[in-house]
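Open the model in a viewer and keep the sequence panel beside it. The stops below go from one turn to the strands around it, then to other loops, and end with the whole chain.

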Amino acid sequence: MTQVCLVGGDCELRYELLSRETARRALSTYDLAEPYTNTLSLTTVSLGAAVSLLNDLNWYLVRFASDALVRDPSISDTEWLSRPLAESIRDGHVLPGETGDTYKLYPIEEGALAAPSFATGEEQFDHENELVVRITEDEYEG
């Protein structure tokens with residue numbers, strides 16, 4: 001099972017998505033959770049289904065979300081993938097074992113995701129206190 005986590009921007013993400021009929025319909029078959037303040041998570045059957053759902057929600061994500069993350073257990077149990085990296089893997093442009101070594105790190109503070117930082121290399125990450133997201137080199141802002 002592949003997980004999706006949508007990170008809210010400057011608005012209440014859950015409200016904005018569920019108040020729009022098209023987004024509400026796209027999300028209606030999923031059990032929604034809020035693992036961190038102003039996030040929305042759900043589980044899909046595969047990486048392809050996760051990317052397809054994000055594509056269906058794209059209009060809303062551009063306006064209301066600051067990030068869209070995917071975690072597939074066939075790639076990693078602890079690290080998330082950015083949407084562009086998940087799409088590249090799904091499309092066969094990147095092999096699951098060759099996702100690179102660039103990361104976006106979201107510190108977890110009092111149940112919320114704080115402003116992210118960027119890292120490279122084979123660092124040891126604190127998976128309990130930060131959300132580790134593998135990203136493409138183009139997304140790296142370090």
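Between which two strands does the loop that holds E110 lie? Select E110: its loop runs between strand 5 (102-109) and strand 6 (112-113). Bear in mind throughout that this is a predicted model.

**The turn at E110**

Show the backbone here. Strand 5 and strand 6 make a hairpin, with two residues between them. E110 sits in that turn and has a positive phi of about 50°, although E110 is not a glycine. Switch on the surface and E110 counts as exposed, because its relative accessibility is 87%, and the cut-off for exposed is over 50%.

**Strand 5 and its partners**

Now select strand 5 together with strand 6. The two strands pair in the antiparallel sense, over two bridges. To see one position in this pairing, pick E109, whose bridge partner in strand 6 is A112.

Add strand 7 (residues 117-120) to the selection. Strand 7 runs antiparallel to strand 5 and is joined to it by four bridges. Label Y103 and look across to A119, which stands opposite in strand 7.

Next add strand 8 (residues 130-134). Five bridges join strand 8 to strand 5, and again the two run antiparallel. Here the residue to label is Y106, with L131 of strand 8 opposite.

**The loop at A115**

Stay in this region and move to A115, in the loop between strand 6 and strand 7. A115 counts as exposed, because its relative accessibility is 65%. Which residues does A115 touch, once those up to four places away in sequence are set aside? They are L105 and P107. For a distance to check in the viewer, take A115 and K104: they are eleven residues apart in sequence, and their C-alpha atoms are 9.9 Å apart.

**N38, before strand 2**

Jump back along the chain to N38. This residue belongs to the loop between helix 2 (21-27) and strand 2. N38 is not a glycine, yet its phi is positive, near 55°. Is N38 buried or exposed? N38 counts as buried, because its relative accessibility is 14%, and the cut-off for buried is under 20%.

**T44, in strand 2**

Follow the sequence on to T44, which is found in strand 2 (residues 39-44). T44 is buried, with a relative accessible area of 1%. Show its side chain: a polar atom there lies 3.0 Å from the backbone oxygen of S46. Then display the residues in contact with T44, leaving out its neighbours within four places in sequence. The selection to make is M1, T2, V4, Y30, A49, A50 and L53.

**The whole chain**

Clear the selection and zoom out. The protein chain has five helices and eight strands, in the order β-α-α-β-α-α-β-β-α-β-β-β-β along the sequence. Its radius of gyration is 14 Å, close to the 14 Å that the globule rule gives for 142 residues, so the chain is as compact as a globular protein of that length. Along the principal axes, the C-alpha trace spans about 45 × 35 × 25 Å.

Colour by accessibility: buried residues make up 44% of the 142 residues. The accessible surface comes to about 7,600 Å², and 44% of that surface belongs to carbon and sulfur atoms. Finally, display the contacts with a separation of 6 or more; residues 24 or more positions apart account for 61% of them.

Terms used. Residues are numbered from 1 along each chain as its sequence is written. This is a predicted model: local features need pLDDT of at least 70, side-chain atom pairs count only at pLDDT 80 or more; totals for chains, interfaces and linings use all residues. Side-chain values use heavy atoms; hydrogens and water are left out. Buried means under 20% relative accessible area, exposed over 50%, partly exposed in between (1.4 Å probe, protein chains only). A polar contact is a pair of N or O atoms within 3.5 Å; within protein, one must be able to donate a hydrogen and the other to accept it, and residues adjacent in sequence count only if both atoms are side-chain atoms. Contact means heavy atoms within 4.5 Å. Two strands pair if DSSP finds at least two bridges between them. The radius of gyration is taken over C-alpha atoms; the globule rule is 2.2 Å times the number of residues to the power 0.38. Accessible areas come from the Shrake-Rupley method with a 1.4 Å probe; for residues, only the protein chains shown count as cover.
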